[in-house]
Amino acid sequence: MPNNRNAAKADRQAQKRRLQNRSQTSSLKTLIKKFRTGLEASGSEAPAATITLGEVSKRLDQAGAKRLIHPNKASRLKSRLAKAANKKAAAK
C-alpha cells in the first residue's frame, strides 16, 4: 500500500508498463514460435502466411532497442534463427 500520492501514481504507472511489456513479450515469443514451426513444416503442410526471417529480425531489433529484451539476446536469437533458416534452405 503506497504511503503518499506520488507512490500511488508510481505504482499505477509501473502496473500499466508491466502489462504492456507482458503483452509485447508474449507477441514476440509467438512470432518466433510461428517462424520456427514454419521452418519445420514441409512444403505441402506449410501454413499459407509464413513469417519471413526479415520480419522476425526487425521485431527483435525493435524489442532490443526498446529494452524489452536485452539487445544481446535479440542479436543471439536473430543469429540462431538465421542459422536454422540457412540449414533448412541448404537441405532443400
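**Helix packing around H1: group meeting talk**

Threonine 30 is partly exposed, with a relative accessible area of 37%. I start with this residue, which lies in helix H1, and I should say straight away that what we are looking at is a predicted model. Between threonine 30 and glycine 64, which are 34 residues apart along the chain, the C-alpha separation is 16 Å.

Let me turn to H1 itself, which covers residues 5–40. The helix has 36 residues, and from its first C-alpha to its last it reaches 53 Å, close to the 52 Å expected at 1.5 Å a residue. Which residues of H1 are buried? They are Leu28, Leu31, Ile32, Phe35 and Leu39, and the partners against which the buried residues of H1 pack are H2 and H3. It may help to keep in mind here that an α-helix has 3.6 residues a turn, so residues three or four places apart point the same way.

How are two such helices compared? In general, a packed pair is described by the angle between the two axes and by the distance between them.

I will take H1 and H2 as the first pair. Their axes are 10 Å apart, and the packing angle is about 155 degrees. With angles over 145 degrees counted as roughly antiparallel, H1 and H2 are therefore roughly antiparallel to each other, and their crossing is left-handed. On the H1 side the contact is made by Ser27, Leu28, Leu31, Ile32 and Phe35, while H2 contributes Leu53, Glu55, Val56, Arg59, Leu60 and Ala63. Sorted by class, this contact of H1 with H2 has eight nonpolar residues, one polar residue and two charged residues.

The other pair is H1 and H3, where H3 runs over residues 71–91. The axes of these two helices come within 10 Å and cross at roughly 15 degrees. Since angles under 35 degrees count as roughly parallel, H1 and H3 are therefore roughly parallel to each other; the crossing of H1 and H3 is left-handed. Which residues of H1 and H3 meet? From H1 we have Ile32, Phe35, Arg36, Leu39 and Glu40, and from H3 we have Leu77, Leu81, Ala84, Ala85 and Lys88. By class, the contact of H1 with H3 has seven nonpolar and three charged residues, and no polar ones.

Now for some residues outside the helices. Threonine 52 sits in the loop between H1 and H2, and this threonine is partly exposed, with a relative accessible area of 41%. The C-alpha atoms of threonine 52 and leucine 39 are separated by 9.8 Å, and the two residues are 13 residues apart along the chain.

Arginine 67 belongs to the loop between H2, residues 53–65, and H3. Is arginine 67 buried or exposed? Arginine 67 is exposed, with a relative accessible area of 56%, and its phi is near 65 degrees, a positive value in a residue other than glycine.

Finally, proline 2 is found in the segment before H1. This proline is partly exposed, at a relative accessible area of 34%, and, leaving aside residues up to four places away in sequence, proline 2 touches Ala7 and Ala8. From proline 2 to alanine 90 the distance is 58 Å, C-alpha to C-alpha, across 88 residues of sequence.

Methods:
Residues are numbered from 1 along each chain as its sequence is written. This is a predicted model: local features need pLDDT of at least 70, side-chain atom pairs count only at pLDDT 80 or more; totals for chains, interfaces and linings use all residues. Side-chain values use heavy atoms; hydrogens and water are left out. Axes are lines fitted to C-alpha atoms, for helices over the stretch in contact, and angles run from 0 to 180 degrees between N-to-C directions. Helices (H or I, at least four residues) and strands (E, at least two) are DSSP runs, numbered from the N terminus. Angles under 35 degrees count as roughly parallel, over 145 as roughly antiparallel, 65 to 115 as roughly perpendicular and the rest as oblique. A crossing is left-handed if the near helix is turned anticlockwise from the far one by less than a right angle, and right-handed if clockwise. Contact means heavy atoms within 4.5 Å. Ala, Val, Leu, Ile, Met, Phe, Trp, Tyr, Cys and Pro count as nonpolar, Asp, Glu, Lys and Arg as charged, and the others, Gly among them, as polar. Buried means under 20% relative accessible area, exposed over 50%, partly exposed in between (1.4 Å probe, protein chains only). The expected span of a helix is 1.5 Å times one less than its number of residues.
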